[in-house]
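Reader: Could you take me through this protein slowly, since I am new to reading structures?
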Amino acid sequence: MKDFIEQLPNLAKDKQQENKKFFSKLKKKTPKHLDSLMVELHEEEFSRTDCLDCANCCKTTGPLFTNKDIERISKKFKQKPQQFIDQYLRIDEDNDYVLQSVPCTFLDAENHCLIYDVRPKACAEFPHTDRKKFQQISNLTIKNVGICPAAYNIVEEMKKRIK
């Protein structure tokens, strides 16, 4: 897995044009069964992929924190939301709350999330490959292919199954 993670950015870069072309066609003519296919591919991939072996998403990127996320997590820490924001977050160029730095502050040495039960929605849904109306997030998916080995495998299998 470690070798694959190290190769992933280059593999994703090599496939980027092909993936862009594929997703462009997908947006123009979305198969009726796309949502159910994506759930199937997602479940198949995650039956053999253990995120604890990787955690590359937590090591290389940070999630967006919604106000609901901030309220939920700050309550776990017995803090006021503003205290949590001041301690852990910053506002990015899109005016969203994000972590002050990566790797994620809440990732431990064994790749476990210290706030798993209250983690941000973006973390809970990552890599978003089982989402409804999947074709609407093609740019995000192309980005995630370079971060998440499971997303890479799902997109490669998707391209085989949708001609």
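Author: What follows is a conversation about the overall build of the protein and then some of its residues.

Author: This is a predicted model, in which local features need pLDDT of at least 70 and side-chain atom pairs count only at pLDDT 80 or more, while totals for chains, interfaces and linings use all residues. Residues are numbered from 1 along each chain as its sequence is written, and side-chain values use heavy atoms, with hydrogens and water left out.

Reader: Okay, how many helices and strands are there in the protein?

Author: The protein has eight helices and three strands, and from the N terminus on they follow the order α-α-α-β-α-α-β-β-α-α-α. Here helices (H or I, at least four residues) and strands (E, at least two) are DSSP runs, numbered from the N terminus.

Reader: And what does the C-alpha trace span along its principal axes?

Author: The trace spans about 50 × 35 × 30 Å along those axes. The radius of gyration of the protein is 17 Å, which agrees with the value near 15 Å that a compact globule of 163 residues would have; the radius is taken over C-alpha atoms, and the globule rule is 2.2 Å times the number of residues to the power 0.38.

Reader: What share of the residues is buried?

Author: Buried residues make up 39% of the 163 residues, where buried means under 20% relative accessible area, exposed means over 50%, and partly exposed is in between (1.4 Å probe, protein chains only). The accessible surface comes to about 10300 Å², and 50% of that belongs to carbon and sulfur atoms; such areas come from the Shrake-Rupley method with a 1.4 Å probe, and for residues only the protein chains shown count as cover.

Reader: What about contacts between residues 24 or more positions apart?

Author: Such residues account for 69% of the contacts in the protein with a separation of 6 or more, and a contact means heavy atoms within 4.5 Å.

Reader: Let's look at single residues. Is E45 buried or exposed?

Author: E45 counts as buried because its relative accessibility is 3%, and E45 is found in helix α2, which covers residues 34–48. Not counting residues up to four places away in sequence, E45 touches A150, N153 and I154.

Reader: Which helix holds S36, and how accessible is S36?

Author: S36 is placed in helix α2 and counts as partly exposed, at 49% relative accessibility. A polar atom of the S36 side chain lies 3.0 Å from the backbone oxygen of H33, which fits the rule for a polar contact: a pair of N or O atoms within 3.5 Å where, within protein, one must be able to donate a hydrogen and the other to accept it, and residues adjacent in sequence count only if both atoms are side-chain atoms. The C-alpha atoms of S36 and D130 are separated by 8.4 Å, although these residues are 94 residues apart along the chain.

Reader: And N144, what is that residue in contact with?

Author: Leaving aside neighbours within four places in sequence, N144 is in contact with F126, P127, H128 and A151. N144 sits in helix α7, residues 138–145, and is buried, with a relative accessible area of 3%. The side chain of N144 has a polar atom 3.4 Å from the backbone oxygen of P127.

Reader: Where is P127, and what kind of peptide bond runs from F126 to P127?

Author: P127 is in the loop between α6 and α7, and the bond from F126 is cis, with omega near 5 degrees. Another cis peptide bond joins V102 and P103, with omega about 5 degrees; P103 lies in the loop between β3 (97–99) and α6 (121–125).

Reader: Why would anyone point out a cis bond or a positive phi?

Author: Most peptide bonds are trans, and most residues other than glycine have a negative phi. N95 is not a glycine, yet N95 has a positive phi of about 70 degrees; N95 is in the loop between β2 (89–91) and β3 and is exposed, with a relative accessible area of 63%. K133, found in the loop between α6 and α7, has a positive phi near 55 degrees.

Reader: Last topic, which residues form the aromatic cluster?

Author: F65, F77, F84, Y88 and F106 form one aromatic cluster. Rings of Phe, Tyr and Trp (its six-membered ring) pair if their centres lie within 6.5 Å, and planes under 30 degrees apart count as stacked, over 60 as edge-to-face and the rest as tilted. By this rule the count comes to ten aromatic pairs.
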